[in-house]
Amino acid sequence: MLEGKSYAQIRAYYRKKLISKIQELLETDETLNMSHYKEQNLNVDVVFKNEEVLIVTNEKFEELFNQVDFDLSYESKSYESKDKNYKSNFKRAYNQCKEAIRSNGNISLNAAMVGVIGALYSPTRASTGYVVYSEMVICKRELYELDDIYFAKLEDYERENISINDLVKIIYDLSKETEGIEIPEGDIDDETIDDSVYSRNKILFGPPGTGKSYNIKSKMNLINVKNKNVTRITFHPEYSYYEFVGQYKPVVAYEKIAGTIRYPHNDKVISEKAFVYYDFVPGPFIKAIVDALRLQESSEENVPENALLVIEEINRGNSSAIFGDIFQLLDRINDVNNKFYGESEYSIDIPIEIKEYIKNELKWEERDWMDKFENGFIIPSNLYIYSTMNTSDQSLYPMDSAFKRRWDMEYMYINYKEEKLEHLYLPEPYEEIKWLDFIKKINGEIVNYTEVDDKQIGQWFVGKSLSKSEFLGKVVSYLWFDIFRYNPEKIFKKNIKTFDDVRIYYDRGIFKEEFIDGVLENRVNRDEE
């Protein structure tokens with residue numbers, strides 16, 4: 001897998017393994033301290049999540065951020081000839097750090113190095129000069145305490161602190177491979193400084209199997225949301241505004257009775273009986289609102305936690321009807337300098353029963369309500385709403401442009417180089433064909449045949465293993481019934497006339513020879529890359 005890779009790529013591969021191991025050793029949400037290798041006072045708390053090192057934007061980091069002289073760093077011309085993008089890189093990283101603080105989120109080590117730590121250590125230094133995994137170090141003792149067996153080699157390490165890159169060399173014994181190899185500058189693993197990381201409303205859309213739901217899970221690391229603060233729902237054709245927001249419904253309650261009642265047919269004895277009454281029952285939207293408001297009130301470190309409402313398959317329901325007047329609240333204040341940053345820009349009036357439910361849940365008095373919602377009901381800044389949309393089903397309930405405009409639309413591309421699927425092969429009789437090579441070829445056929453790109457197969461259309469029954473039931477059936485139903489000869493052999501023929505002739509091969517040859521050619525091209 002690593003054959004033919006550069007030293008930097010090999011090190012990055014093992015660095016991800018190391019980060020995952022440290023995450024495994026740490027308790028949930030436990031942090032470690034990292035500091036600049038020369039300036040120990042430039043230290044931050046970090047978490048290890050999904051092969052990434054993320055800085056926690058707590059009071060310690062905010063204090064460092066407030067010390068940055070923006071004008072000094074931005075106006076510096078020392079490296080302008082070497083790095084024409086220095087100013088824009090610094091400004092974007094600085095603004096993202098500011099946004100992360102205002103969003104109660106975490107931030108990448110790279111962005112924090114460019115926008116804060118590096119700017120404090122050397123304001124005139126170009127951003128491409130940072131080797132973040134070498135310049136930020138961890139206390140050796142803290143690592144040793146996590147697992148003295150795994151980190152046993154640190155006993156002989158001279159210094160008190162160690163960088164992640166040096167740690168990788170020691171733990172995975174890469175020292176021999178470093179001889180005569182020049183380590184490239186800017187060791188940031190192609191990390192990008194994304195201007196929309198902390199968008200409050202986001203729709204992830206793309207072909208089936210591109211990992212949209214998984215991607216939301218990984219984004220939770222950046223927006224600092226714990227699993228217990230996630231509300232998850234799925235839209236469907238019968239889903240309504242009242243189910244989403246809340247409504248009066250019959251509710252079962254129980255009252256004590258004076259004696260006991262024995263049922264003769266089953267000897268059951270009860271001391272209370274059920275009765276039905278009507279009460280307001282909140283939907284997932286109001287539950288998420290309450291969670292967010294409760295988190296704002298119960299913050300222990302003056303850094304509120306965030307809540308997340310996840311809407312799966314947002315286009316499978318009539319989103320305009322489901323959101324109703326909530327639609328107005330989706331416009332969020334996006335000026336990071338505004339004290340109301342992240343809250344709804346416009347407010348609405350809500351029914352008295354919703355207001356009373358929220359007050360009761362939070363044990364608020366009327367004055368508490370007025371303090372928060374003096375000008376009307378809004379979505380609090382610490383509530384994120386993330387949704388998924390399968391482009392192959394987008395015709396179910398098309399969303400109008402006014403609705404989509406209120407969301408950050410992020411397209412999920414098919415990853416034909418997904419490392420976790422690098423060794424996944426098709427089942428017999430195609431056991432020599434890699435899954436990633438297969439979908440690259442078949443997607444080309446799908447696009448040529450349908451003349452659209454929303455019917456393609458994503459890398460996660462199947463799992464990390466692929467049996468014959470799963471390949472037939474998921475992949476081949478999708479190709480037969482949903483794509484090439486009326487022209488199966490595009491990829492299937494001429495003798496395959498029905499899906500029953502697929503089962504009968506499968507062991508002898510069902511795909512055209514030209515198609516299989518194209519898949520194998522893709523494999524050769526990928527290996528050359």
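Colleague: How many aromatic pairs does a search of the whole structure find?

Modeller: Bear in mind that we're looking at a predicted model. The search covers the whole structure, and the number of aromatic pairs it finds is 43.

Colleague: Take the rings of Tyr248 and Phe280: what kind of pair are they?

Modeller: A pair of aromatic rings is described by the distance of the centres and the angle of the planes. For Tyr248 and Phe280, the centres are 6.4 Å apart and the planes meet at 75 degrees. Planes over 60 degrees apart count as edge-to-face. So the pair of Tyr248 and Phe280 is edge-to-face.

Colleague: How many residues apart in sequence are the parts that this pair of Tyr248 and Phe280 ties together?

Modeller: Tyr248 belongs to strand 9 (residues 246-263), while Phe280 belongs to strand 10 (residues 268-282). The ring pair therefore ties together parts whose separation in sequence is 32 residues.

Colleague: And is Phe280 buried or exposed?

Modeller: Its partner Tyr248 has 48% relative accessibility, so Tyr248 counts as partly exposed. Buried means under 20%. Phe280 comes in at 7%, so Phe280 counts as buried.

Colleague: Which residues do ring pairs link into a cluster?

Modeller: Ring pairs can join up into a cluster here, and there's a list of names to go with it. The linked residues are Tyr430, Trp435, Phe438, Phe471, Trp480, Phe481, Phe492, Phe499, Tyr506, Phe511 and Phe515.

Colleague: Which ring does the charged end of Lys21 sit over?

Modeller: There are charges over rings too: Lys440, for one, lies over the face of Tyr416, at 6.0 Å from the ring centre. The charged end of Lys21 is 5.2 Å from the centre of its ring, and that ring belongs to Tyr150.

Colleague: Switching to the backbone, where is Asn224, with its positive phi, found?

Modeller: Most residues other than glycine have a negative phi. Asn224 has a positive one, near 60 degrees. At 23% relative accessibility, Asn224 counts as partly exposed. Its place is the loop between helix 9 (212-222) and strand 8 (230-234).

Colleague: What is the phi of Asp29 near?

Modeller: Asp29 lies in the loop between helix 1 (7-25) and strand 1 (32-36). Its relative accessibility is 36%, so Asp29 counts as partly exposed. Asp29 is a residue other than glycine with a positive phi, near 65 degrees.

Colleague: Last one: which residues does a cis peptide bond join?

Modeller: Most peptide bonds are trans. The cis bond here has an omega of about 5 degrees. One partner, Pro429, sits in the loop between strand 13 (408-411) and helix 16 (435-450). The two joined residues are Glu428 and Pro429.

Key:
Residues are numbered from 1 along each chain as its sequence is written. This is a predicted model: local features need pLDDT of at least 70, side-chain atom pairs count only at pLDDT 80 or more; totals for chains, interfaces and linings use all residues. Side-chain values use heavy atoms; hydrogens and water are left out. Helices (H or I, at least four residues) and strands (E, at least two) are DSSP runs, numbered from the N terminus. Buried means under 20% relative accessible area, exposed over 50%, partly exposed in between (1.4 Å probe, protein chains only). Rings of Phe, Tyr and Trp (its six-membered ring) pair if their centres lie within 6.5 Å; planes under 30 degrees apart count as stacked, over 60 as edge-to-face and the rest as tilted. A charge sits over a ring if NZ of Lys or CZ of Arg is within 6 Å of the ring centre and within 35 degrees of the ring normal.
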